[in-house]
Amino acid sequence: MNISAWSRVVAAMTLMAAGAFGQTAGSPGEGLCAVPSNTPGVMQICWWGKAGRTYFLQTNATLNRDTWSYTPVLEGGGNAVLSYSMPSSSGRMFARLVYTDLPTGGNASTADFDGDGLVNAIEVAVGGTQSDPFLADSDWDGYTDGEEVLAGSSPSNPGANPGTAQPLSGNVNPDAD
């Protein structure tokens, strides 16, 4: 390959990379993109973060509507590109943004968007409650997620409620060691 051809390849690769991270406020769907990283099994997820908006990231390996799960990504927009490295052990991974314009009181992690008594960060934490930060009763069993955690049952299992307490696995207190 001669120097001129090599320069065009480098320029094309640079433009492709710049375009992938060049989201703006006008990009469709907040400009969500997934770009392979240099590390096998890791994707770089990026999007335009609109000021005043709180973003949650969900992933799914199958696109089955019942298998989307929240990642521990909870980010407030600031009119800038937000970016996260997402490892995946599956052969494919899909990502989507869930966002709200609800006021956070200054901190999206300690806000409780669904009013269930659990802060958003606990609801999406790895090893946390695996509950939905936008649904006060994530398993639709008639008990709020906060009531279930206080009673020692699982807010993501409709068969476990304060009347049939099944202990949670993992730590639901982000301040505990």
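**Exercise 1. Where along the chain is the place of Asn79? Work out its backbone angle and its exposure too.**

*Solution.* Keep in mind that this is a predicted model.

- Step 1: Find the residue. Asn79 sits in the loop between E4 and strand E5, which covers 80-87.
- Step 2: Check the backbone. Asn79 has a phi near 55°, a positive value in a residue that isn't glycine.
- Step 3: Check the surface. The relative accessible area of Asn79 is 45%, so this residue is partly exposed.

**Exercise 2. Do the same for Leu63: give its loop, its phi and its exposure.**

*Solution.*

- Step 1: Leu63 belongs to the loop that runs between strand E3 (54-60) and strand E4 (69-76).
- Step 2: Its phi is near 65°, again a positive value in a residue other than glycine.
- Step 3: Leu63 has 48% relative accessibility, so it counts as partly exposed.

**Exercise 3. Zoom out and describe the protein chain as a whole.**

*Solution.*

- Step 1: Count the elements. You'll find 3 helices and 6 strands in the protein chain.
- Step 2: Put them in order. Along the sequence, the pattern reads α-β-β-β-β-β-β-α-α.
- Step 3: Look at burial. The protein chain has 177 residues, and 34% of them count as buried.
- Step 4: Look at the surface. The accessible surface of the protein chain is about 10000 Å², with 57% belonging to carbon and sulfur atoms.
- Step 5: Look at contacts. Take those between residues at least 6 apart in sequence: 46% of them join residues at least 24 apart.

**Exercise 4. Track down the disulfide and say which elements it connects.**

*Solution.*

- Step 1: Search the whole structure, and 1 disulfide turns up.
- Step 2: Name the partners. Cys33 is joined to Cys46, with an S to S distance of 2.3 Å.
- Step 3: Place them. Cys33 is in strand E1 (residues 33-36) and Cys46 is in strand E2 (residues 42-49), so-called distant parts of the chain, 13 residues apart.
- Step 4: Buried or exposed? Cys33 and Cys46 are both buried.

**Exercise 5. Classify two of the aromatic pairs by their geometry.**

*Solution.*

- Step 1: Set the scene. The structure holds 7 aromatic pairs.
- Step 2: Take Trp47 and Tyr55. Their ring centres are 5.8 Å apart and their planes meet at 50°, so this pair is tilted.
- Step 3: Check burial for that pair. Trp47 is buried at 0% relative accessibility, and Tyr55 is buried at 0% as well.
- Step 4: Take Phe56 and Tyr70. Here the centres are 5.9 Å apart and the planes are at 80°, so the pair is edge-to-face.
- Step 5: Place the second pair. Phe56 is in strand E3 and Tyr70 in strand E4, 14 residues apart, and the pair links distant parts of the chain.
- Step 6: Check burial again. Phe56 has 0% relative accessibility and counts as buried; Tyr70 has 18% and counts as buried, because the cut-off is under 20%.
- Step 7: Look for a cluster. Ring pairs link Trp47, Tyr55, Tyr84 and Tyr99 into one.

**Exercise 6. Find the salt bridge and explain which parts of the chain it ties together.**

*Solution.*

- Step 1: Start with the idea. Side chains of opposite charge can pair when their charged atoms come close.
- Step 2: Search the whole structure. The search finds 1 salt bridge.
- Step 3: Name the partners. The side chains of Asp101 and Arg53 meet at 2.9 Å, N to O.
- Step 4: Place both ends. Asp101 lies in the loop between strand E6 (94-100) and helix H2 (120-124), while Arg53 lies in the loop between E2 and E3, so the pair ties together parts 48 residues apart in sequence.
- Step 5: Check one end for burial. Arg53 has a relative accessible area of 8%, so it is buried.

**Exercise 7. Describe the surroundings of Asp145.**

*Solution.*

- Step 1: Locate it. Asp145 is in helix H3 (residues 145-151).
- Step 2: Check its exposure. The relative accessible area of Asp145 is 0%, so it is buried.
- Step 3: Look for a charge partner. Asp145 has no salt bridge, and Arg96, the nearest side chain of opposite charge, is 15 Å away.
- Step 4: List some contacts. Leaving aside neighbours within four places in sequence, Asp145 touches several residues, including Asp114, Asp116, Glu123, Asp132 and Pro155.
- Step 5: Compare sequence with space. Asp145 and Gln130 are 15 residues apart in sequence and 9.9 Å apart in space, C-alpha to C-alpha.

Technical notes
Residues numbered from 1 in each chain as written. Predicted model: local features only at pLDDT ≥ 70, side-chain atom pairs only at ≥ 80, totals over all residues. Heavy atoms only, no water. Helix = DSSP H or I, 4+ residues; strand = E, 2+ residues; numbered from the N terminus. Buried < 20%, exposed > 50% of the residue type's maximum accessible area, 1.4 Å probe, protein only. Contact = heavy atoms within 4.5 Å. Areas by Shrake-Rupley, 256 points an atom, 1.4 Å probe, with all protein chains shown as cover. Disulfide = S-S within 2.5 Å. Lys, Arg positive; Asp, Glu negative; His and termini not counted. Salt bridge = Lys/Arg side-chain N within 4 Å of Asp/Glu carboxyl O. Phe/Tyr/Trp six-rings, centres within 6.5 Å; stacked < 30°, edge-to-face > 60°.
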